[in-house]
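Me: I should like to take a close look at one part of the structure shown below. Please choose a single residue, describe its place and its surroundings, and then work outward to the rest of the chain.

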Amino acid sequence: LIYYLSYVSALTGFERTVYLGAAPAIGYLIAVATGFLWVNLFSTKKLNPTRYTQAGLFCHALIRPLFIFTTDSALVFIVSFIFRTVFISPRPYWYTAVRGWVIDDDCQQNAGKRREGIIVGFGTTIRSVGLIVIQFLTIGMSSAGIDNTLPDGCPQDEYGILYLKLMYGVLGPVICLIEIGIIELFPIKGEMLEKLLEAQRAGMLIKSVVEAEIEVAAGAGQISL
């Protein structure tokens with residue numbers, strides 16, 4: 001936010017501080033509000049978050065460039081930030097569900113051996129790679145012409161401004177479209193997902209029966225716990 005508001009929208013001082021404080025605050029409020037909605041849909045209604053996540057990513061990829069390349073207004077950029085928060089709000093629920101599906105499937109494929117640590121660690125590594133890429137893109141602003149040594153409010157190089165607009169208005173949406181493709185190619189879905197869930201339910205049923213038999217045997221004095 002700070003780079004766009006400072007260099008593209010040319011905000012300075014208190015006005016920039018207000019925008020920088022208001023945008024995340026509004027975003028968090030929206031995240032909480034939409035959170036109740038998704039919890040109801042995905043938990044109570046038992047809906048699959050996959051299509052909701054893809055639809056939100058597509059809407060974000062479609063609308064963000066319109067905001068970025070239509071005007072340099074800070075208010076419009078904040079509005080686009082709010083829309084982004086709404087559109088991508090189902091995504092954490094999909095990622096959480098997928099992680100559970102992968103762990104359960106891996107467990108069934110490996111005779112009950114659970115490897116949550118390896119799977120979660122791999123996901124963390126992938127996210128770390130993404131953060132490294134973001135850092136390099138941030139460093140690239142200087143090469144593109146952004147001079148952060150200039151006093152606040154001084155015009156920046158037009159190529160530097162274009163670089164920032166491309167980052168927010170093109171690269172971000174392209175990443176969303178790639179995410180949609182990755183979600184679509186994810187193998188645990190449809191019939192495979194139904195079989196996985198049935199196997200999990202069967203496993204839980206067997207576990208309950210075994211535990212009940214152990215309790216009965218312990219109560220009859222046949223075994224000691």
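Reply: T53 has its place in helix α3, where a helix is a DSSP run of H or I with at least four residues, a strand is a run of E with at least two, and both are numbered from the N terminus. The model is predicted, so local features need pLDDT of at least 70 and side-chain atom pairs count only at pLDDT 80 or more, while totals for chains, interfaces and linings use all residues. Residues are numbered from 1 along each chain as its sequence is written, and side-chain values use heavy atoms, with hydrogens and water left out.

Is T53 buried or exposed? With a relative accessible area of 2%, T53 is buried; the term means under 20%, whereas exposed means over 50% and partly exposed covers what is in between, with a 1.4 Å probe and protein chains only. Its contacts (heavy atoms within 4.5 Å) include P90, R91, W94 and I183, once neighbours within four places in sequence are left aside.

The helix that holds T53 also has a packing partner. Two packed helices are described by the angle between their axes and the distance between the axes. For helix α3 (residues 50-70) and helix α4 (residues 74-87), the axes come within 9 Å and cross at roughly 175 degrees. Such axes are lines fitted to C-alpha atoms, for helices over the stretch in contact, and the angles run from 0 to 180 degrees between N-to-C directions. α3 and α4 are therefore roughly antiparallel to each other, a term for angles over 145 degrees; under 35 counts as roughly parallel, 65 to 115 as roughly perpendicular and the rest as oblique. On the α3 side, the residues that meet α4 include H60, I63 and F67, and on the α4 side they include F77, F81 and F87. The residues of this contact divide into eleven nonpolar, three polar and two charged. Here Ala, Val, Leu, Ile, Met, Phe, Trp, Tyr, Cys and Pro count as nonpolar, Asp, Glu, Lys and Arg as charged, and the others, Gly among them, as polar.

α4 itself has A74, F77, I78, S80, F81, T85 and F87 as its buried residues. These pack against α1, α2, α3 and α7 (158-185). An α-helix has 3.6 residues a turn, so residues three or four places apart point the same way. The 14 residues of α4 should span 20 Å at 1.5 Å a residue, and its end C-alpha atoms are indeed 20 Å apart; the expected span is 1.5 Å times one less than the number of residues.

Two contacts of T53, R91 and W94, are also among the buried residues of α5. The 19 residues of α5 should span 27 Å, which agrees with the 27 Å between its end C-alpha atoms. D104 belongs to this helix, α5 (residues 91-109), and counts as buried at 18% relative accessibility. Beyond its neighbours within four places in sequence, D104 is in contact with R114, L196 and Q200. Just after α5, A111 takes a positive phi of about 50 degrees. Most residues other than glycine have a negative phi, and most peptide bonds are trans.

α5 is also part of what covers the buried residues of α2, as are α1, α3 and α4. Those buried residues of α2 include A23, I30, W38 and F42. G35 lies in α2 as well and is buried, with a relative accessible area of 11%. G35 and V86 are 51 residues apart in sequence, yet their C-alpha atoms are 10.0 Å apart in space.

Finally, the chain as a whole gives the setting for T53. There are eight helices and zero strands. Of its 225 residues, 30% count as buried. Among contacts with a separation of 6 or more, 69% come from residues 24 or more positions apart. The accessible surface, found by the Shrake-Rupley method with a 1.4 Å probe and, for residues, with only the protein chains shown as cover, comes to about 14,100 Å², and 68% of it belongs to carbon and sulfur atoms.
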